[in-house]
Amino acid sequence: MIPFAPPLLAALRSARMIAVLTGAGVSAESGVPTFRDAQTGLWARFDPRELATPEAFARNPKLVWDWYAERRAKVAAVKPNPAHYALAALETHAPQFLLATQNVDGLHQRAGSANVVELHGSITRVKCSREGSLVEHWNDAANDEPPRCPSCGAYLRPDVVWFNELLPHAAQTAADSAARRCDVLLVAGTSAEVYPAAALPEVALRRGACVVEVNPNETQLSADVAYALRGPAGVVLPALVAAAWP
Ligand code: OAD
């Protein structure tokens, strides 16, 4: 049983609106690698400029398509963990709720979260690189290049946000509004280094929300939050929800 501060539990119970910002750490216990953790993070092994930018895709579309195809297959094979389920349970207790995630793995929705915005898109979807329209079926036969859009012939690409690209407008607007209106913001499993997502806790702090961090490690946000809960999200989040609503 983790001892949580009574004022934290009271803040959760009395909140009219709870917002959540998640990052790769929430999926770590499902077996999805994070980005910036030393050694195990994807960006420790791969150069994001070669894989996660529009320029990289223009230079070497096959390399980028193949890298995402491999990650898409891995994400399809993993399952939500107790952190995802705890956040789905949290949603049922909050009068108003929004979960903004930087994750592209779709695990929050698979765990039952309903009010989710995907700030960085989803690796489970594919879109036309020219028109942006979603494509559900494509022909993988020509394996010397990415598959082509069935309607216009341009290369297909993952429906994720790359560095140097804008976030989907509706997702960004919904997350901004939640950060401005929420009484409690839970920030779980993110290094809080990548903007504009990293601005959401700053907005909530300026508006006087109770900001709570869940992360085994210190981040650049830690000094400013009301509560820094140190531990894996798959342990801390279920315990927190159970303590607030026994
Ligand atoms: P990072 O890899 O930057 O940060 C992951 C965070 O999760 C770190 O602070 C870890 O300490 C923490 N962590 C690790 N294991 C954990 C666990 N079991 N429970 C809780 N926390 C844990 O990942 P993000 O913050 O998600 O964007 O990165 C943000 C964005 O940068 C990603 O969406 C991606 C990346 O480049 C794009 O690709 C555009």
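**Loops, helix pairs and a ligand site**

Q: Between which two elements does the loop that holds P196 lie?
A: In this predicted model, P196 belongs to a loop rather than to the elements on either side of it. The strand of this pair spans residues 184-188. The loop runs between β7 and α10.

Q: Which residue is joined to P196 by a cis peptide bond?
A: The peptide bond in question has an omega of about 5°. This cis bond links P196 to Y195.

Q: Where is N164, the residue with a positive phi that is not a glycine, found?
A: N164 has a phi of about 75° although it is not a glycine. The strand β6 covers residues 156-160. N164 is in the loop between β6 and α9.

Q: How are α9 and α10 oriented relative to each other?
A: Helix α9 comprises residues 169-181, and helix α10 comprises residues 199-206. Their axes are 7 Å apart and meet at an angle of about 30°. An angle under 35 degrees counts as roughly parallel. Therefore α9 and α10 are roughly parallel.

Q: Is the crossing of α7 and α11 left-handed or right-handed?
A: Helix α7 (residues 82-93) packs against helix α11 (residues 233-244) at an angle of about 25°, with axes 8 Å apart. The two helices are therefore roughly parallel to each other. Where α7 passes α11, the crossing is left-handed.

Q: How many residues around the ligand are charged?
A: The ligand is surrounded by 23 residues, and the closest are F35, R36, H120, T190 and S191. Ten residues of this shell are nonpolar and ten are polar. The number of charged residues is three.

Q: Which residue has a side-chain N or O atom 2.6 Å from an oxygen atom of the ligand?
A: A24 places a backbone N or O atom 2.8 Å from an oxygen atom of the ligand. A polar backbone atom of A233 is 2.9 Å from a nitrogen atom of the ligand. The side-chain contact at 2.6 Å, to an oxygen atom of the ligand, comes from S191.

Q: What percentage of the accessible area of the ligand does the protein cover?
A: On its own, the ligand has an accessible area of 800 Å². The share of this area that the protein covers is 92%.

Technical notes: Residues numbered from 1 in each chain as written. Predicted model: local features only at pLDDT ≥ 70, side-chain atom pairs only at ≥ 80, totals over all residues. Heavy atoms only, no water. Near = heavy atom within 4 Å. Polar contact = N/O pair within 3.5 Å; in protein donor to acceptor, adjacent residues only side chain to side chain. Areas by Shrake-Rupley, 256 points an atom, 1.4 Å probe, with all protein chains shown as cover. Nonpolar A, V, L, I, M, F, W, Y, C, P; charged D, E, K, R; others polar. Axes fitted to C-alpha atoms, helices over the stretch in contact; angles between N-to-C directions. Helix = DSSP H or I, 4+ residues; strand = E, 2+ residues; numbered from the N terminus. Parallel < 35°, antiparallel > 145°, perpendicular 65-115°, else oblique. Left-handed = near helix turned anticlockwise from the far one by under 90°.
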